[in-house]
Amino acid sequence: MAVSRIIREKETVERMIRLYCSKKEKNSELCSECQALLQYAQARLDHCPFGENKKACKKCSVHCYKPAMRIKMQKVMRFSGPRMIFYHPVAAIRHLFNK
């Protein structure tokens, strides 16, 4: 049974945020700011108008993130993206090829 794209995206985003919070911010658990970003990102994925046919958010024609959250997510992805191959290699490869 195939896992839906939205569920897989949620898992990838959560891994990236957790990696950022633990390695960049040196927290053992998600800080309140990262927790808020995670909840926001998951809510945005739940309400994505493209559903299972969505592109990568970076390539999307509809930017549904608030500007402040978008900037924070860009920081998270810029930091976590290259490191995902070491911490979550399967998720990283899947994320690269499912755009």
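Begin by selecting Y20, which counts as buried at 7% relative accessibility. The model is predicted, and the tour follows its aromatic rings.

**First stop: Y20 and F79.** Display the side chain of F79 together with Y20. Two aromatic pairs are counted in this model. Y20 and F79 form an edge-to-face pair, with 5.7 Å from centre to centre and 85° between the planes. The partners come from distant parts of the chain: Y20 belongs to helix α1 (residues 5-24) and F79 to helix α3 (residues 67-87), with their positions 59 residues apart. F79 has a relative accessible area of 14%, so this residue is buried, given the limit of under 20%.

**Second stop: R83.** Keep F79 on display and add R83. The charged end of R83 sits over the ring of F79, at 3.8 Å from the ring centre.

**Third stop: Y40 and Y65.** Now move to Y40 and Y65, which also form an aromatic pair. Its geometry is edge-to-face, with the centres 5.3 Å apart and the planes at 80°. Y40 is located in helix α2 (residues 32-46), whereas Y65 is in the loop between α2 and α3; the pair therefore ties together parts 25 residues apart in sequence. Are these two tyrosines buried or exposed? Y40 counts as buried, at 15% relative accessibility, and Y65 is buried with a relative accessible area of 16%.

**Last stop: R44.** Finally, select R44 while Y40 remains visible. The charged end of R44 sits over the ring of Y40, 5.7 Å from the centre of that ring.

Technical notes. Residues numbered from 1 in each chain as written. Predicted model: local features only at pLDDT ≥ 70, side-chain atom pairs only at ≥ 80, totals over all residues. Heavy atoms only, no water. Phe/Tyr/Trp six-rings, centres within 6.5 Å; stacked < 30°, edge-to-face > 60°. Helix = DSSP H or I, 4+ residues; strand = E, 2+ residues; numbered from the N terminus. Buried < 20%, exposed > 50% of the residue type's maximum accessible area, 1.4 Å probe, protein only. Lys NZ or Arg CZ within 6 Å of the ring centre and 35° of its normal.
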